[in-house]
Amino acid sequence: MAKWVLFAVFGGFFSAMFLWEADVAWFEEGFAFGFMATLGIWGLWHSRLWPLHDLYLRDNPGIGLVRLAVIAAMIWCVFTIFVFGDEKIVGIWYGYYLIIGFGVIMAFGLGGAESFGIRLRVDVYERKNFPAAIFISAFILATGMIYGGSMWGDSEPESFEYGGVFEVLPSFEEGGWIIAVFFLMGWTILYATMKLWFFREKGISGSRIRRDRAVADARAASLYCLACAIPITDAVAGNYYGLADSFIGFSAIALPVLAHEIFRPSSPAQERDPQEPWLYVAFGFAAMLMTPILSSLLGFR
């Protein structure tokens with residue numbers, strides 16, 4: 001993927017200069033578009049099926065599950081931007097943010113999932129490892145949830161305490177940079193939380209998913225990932241109430257993290273409780289519902 005990032009940089013600069021000269025977008029907006037569109041092309045190339053023999057495709061539902069996750073993530077993004085997006089997003093800007101969203105889903109979702117050592121082409125395509133597909137699909141969907149959430153609500157730069165830091169951007173008045181800032185904040189927290197998951201599992205889940213095709217471990221890791229994405233999506237979505245309120249929203253992820261510490265197996269020999277994954281989801285929803293109440297009690301709303 002490293003060479004594709006280099007291609008994306010060149011694509012970003014080309015797009016920035018072209019859209020700038022065409023008086024369509026500011027330079028940084030054009031760069032973001034070209035950069036993420038190129039990474040979206042990487043995702044299409046990386047997930048292509050045509051080089052594979054029919055034997056890899058036969059009886060391999062994992063391929064369909066991963067593609068379904070991409071479609072579901074894009075549907076969520078379409079829903080948020082068209083129904084709850086900022087009123088300044090009109091016309092071609094719908095396509096702008098959705099193309100960037102596709103690049104985000106493929107680069108941060110698919111690429112991020114593979115950084116945990118669970119690979120799409122090797123584990124899902126060639127080895128027909130369905131538990132691996134479950135985890136990759138969950139991380140893709142969680143990434144799409146956060147990006148879609150970041151487009152939810154108004155993007156008013158004057159409401160952001162540190163908006164002045166971004167006044168150097170020509171597109172400052174449009175406020176689109178808020179989407180990027182909140183997505184990156186939320187996704188970084190999700191990624192760090194999943195790193196903590198595998199660290200606290202001491203490699204149990206990762207090796208079991210890849211080597212032993214352990215459905216229980218894949219289900220637990222996947223629903224934990226989605227459970228963490230629920231309060232993060234809520235934290236980046238909606239109207240902006242202030243930095244303190246945002247920190248409360250991001251801190252709510254501590255609830256599913258605490259649940260993992262309570263319910264995770266204490267040793268590789270211990271079997272997982274079948275209810276464990278659903279408890280993570282319950283804690284995720286509880287964190288989302290608790291956030292506005294706690295923030296209001298503390299006077300942040």
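In what order do the elements of the chain run from the N terminus on? They run α-α-α-α-α-α-α-α-α-α-α-α-α. The secondary structure thus named comes to 13 helices and zero strands. The radius of gyration of the chain is 20 Å, close to the 19 Å that the globule rule gives for 301 residues, so the chain is as compact as a globular protein of that length. The model described in this report is a predicted one.

## The chain as a whole

The C-alpha trace spans about 60 × 55 × 30 Å along its principal axes. Of the 301 residues in the chain, 52% are buried. Contacts between residues at least 6 apart in sequence were also examined, and 76% of them join residues at least 24 apart.

The accessible surface of the chain amounts to about 14300 Å², and carbon and sulfur atoms account for 69% of this area. The chain carries 20 positive and 27 negative charges, and the mean positions of these two sets are 18 Å apart.

## Two buried residues in helices

Asp245 belongs to helix H11, which covers residues 243–251. Is this residue buried or exposed? Asp245 has a relative accessibility of 8%, and it counts as buried because this value is under 20%. Its side chain forms a polar contact of 2.5 Å with the side chain of Ser295. When residues up to four places away in sequence are not counted, Asp245 touches Ser295, Phe300 and Arg301. Ser295 therefore appears both as a contact of Asp245 and as its partner in a polar contact between side chains, as the cut-off of 3.5 Å for such a pair allows.

Thr80 is placed in helix H4, which covers residues 61–83. Thr80 has a relative accessibility of 0% and so counts as buried. Which residues does Thr80 contact, leaving aside its neighbours within four places in sequence? They are Gly85, Gly148, Met151 and Trp152.

## Three residues in loops

His53 is found in the loop between helix H2 (27–46) and helix H3 (54–57). A polar atom of the His53 side chain lies 3.0 Å from the backbone nitrogen of Leu55. His53 can also be set against a residue elsewhere in the chain: His53 and Val281 are 228 residues apart in sequence, and their C-alpha atoms are 38 Å apart in space.

The other two loop residues are considered for their backbone angle phi. Most residues other than glycine have a negative phi. Lys128, a residue other than glycine, has a positive phi near 55°. Lys128 is located in the loop between helix H6 (120–126) and helix H7 (130–150). Arg213 is not a glycine either, and its phi is positive, at about 55°. The loop that holds Arg213 lies between helix H9 (204–212) and helix H10 (215–236).

How do these residues count in terms of burial, and what are their relative accessibilities? Lys128, at 31%, counts as partly exposed, and Arg213, at 38%, counts as partly exposed. Both values fall between the limits of 20% and 50%, which is why this term applies.

The table below gathers the accessibility values of four residues discussed above.

| Residue | Relative accessibility | Class |
|---|---|---|
| Thr80 | 0% | buried |
| Asp245 | 8% | buried |
| Lys128 | 31% | partly exposed |
| Arg213 | 38% | partly exposed |

Note on methods:
Residues numbered from 1 in each chain as written. Predicted model: local features only at pLDDT ≥ 70, side-chain atom pairs only at ≥ 80, totals over all residues. Heavy atoms only, no water. Helix = DSSP H or I, 4+ residues; strand = E, 2+ residues; numbered from the N terminus. Rg over C-alpha atoms; globule rule 2.2 N^0.38 Å. Buried < 20%, exposed > 50% of the residue type's maximum accessible area, 1.4 Å probe, protein only. Contact = heavy atoms within 4.5 Å. Areas by Shrake-Rupley, 256 points an atom, 1.4 Å probe, with all protein chains shown as cover. Lys, Arg positive; Asp, Glu negative; His and termini not counted. Charge placed at Lys NZ, Arg CZ, Asp CG, Glu CD. Polar contact = N/O pair within 3.5 Å; in protein donor to acceptor, adjacent residues only side chain to side chain.
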